[in-house]
Amino acid sequence: MWRWDRLVQLAEEAGRIVPVGRGGERRAIALANPSLGGRPFATPTLWAAIQYLMPGEDAPEHRHTQHAFRFIVEGEGVWTVVNGDSVRMSRGDFLPQGGWNWHAHHNASIEPMAWIDGLDIPFASYTESQFFEVGRHKLDPQEYIKPARSRSERLWAHPACALYRNRKISPPRLYWPTAGKTQIWH
């Protein structure tokens, strides 16, 4: 079992010892499941790690074919820049990212921040479809902005939810056939 408080302690120690940059790209503590026979994965289909950025640090831009997600357990102030779009990462956020998108991270706060990263590395490895490309060493100055809402949030942040909240439309009905009957879910 991985305990968050212990993982953060290890991440803090790594923050003092391991630099972020072109040597290793990211400071990440992989979560290896002992039941997988020494394979460095959290599950048979998921690689997961704790990523950690110190104040003012940038994790350089790169891209890879694996799909990824970030789940923010605690903290504020780190931004992920995906294809030039600065996206705030805050406690409780789940940020999925499709493969082959340029991305970098920067910590604009005065505190370190840790989060869970997940990638479908086992699947990409099994299908022999792993590719990785190094990007720019530095972000452009305009990518250090801190918008209230990113371009992605403005385009895709659940616009229908506002309609449901304001009762302008009803949520869709889901029909689920069971034993010859139809159940209606609202």
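This note goes through the two main pockets and one sheet of a predicted model.

1. Residues are numbered from 1 along each chain as its sequence is written, and side-chain values use heavy atoms, with hydrogens and water left out. Because the model is predicted, local features need pLDDT of at least 70 and side-chain atom pairs count only at pLDDT 80 or more, while totals for chains, interfaces and linings use all residues.

2. The largest pocket (on a 1 Å grid over the protein atoms alone, an open set of points where a 1.4 Å probe fits, with protein on both sides within 12 Å along at least five of seven lines) has a volume of about 600 Å³, volume being the space filled by probe spheres set on the points. Its lining (residues with an atom within 4 Å of a point) comprises 22 residues, of which Val87, Leu95, Pro96, Ser152 and Glu153 lie nearest the centre. Two or more lining residues come from each of strand S5 (78-82), strand S6 (85-89), strand S7 (94-97) and helix H3 (151-156), where helices (H or I, at least four residues) and strands (E, at least two) are DSSP runs.

3. The second largest pocket holds about 250 Å³ of space and is lined by 16 residues, with Arg26, Trp47, His62, Asp117 and Leu119 nearest its centre.

4. Five strands form an open sheet in the order S6-S5-S8-S3-S10, with antiparallel pairing (two strands pair if DSSP finds at least two bridges between them). Its edge strands are S6 and strand S10 (132-134), each pairing on one side only. S5 and S6 are joined by five bridges, and Val82 has Asp85 of S6 as its bridge partner.
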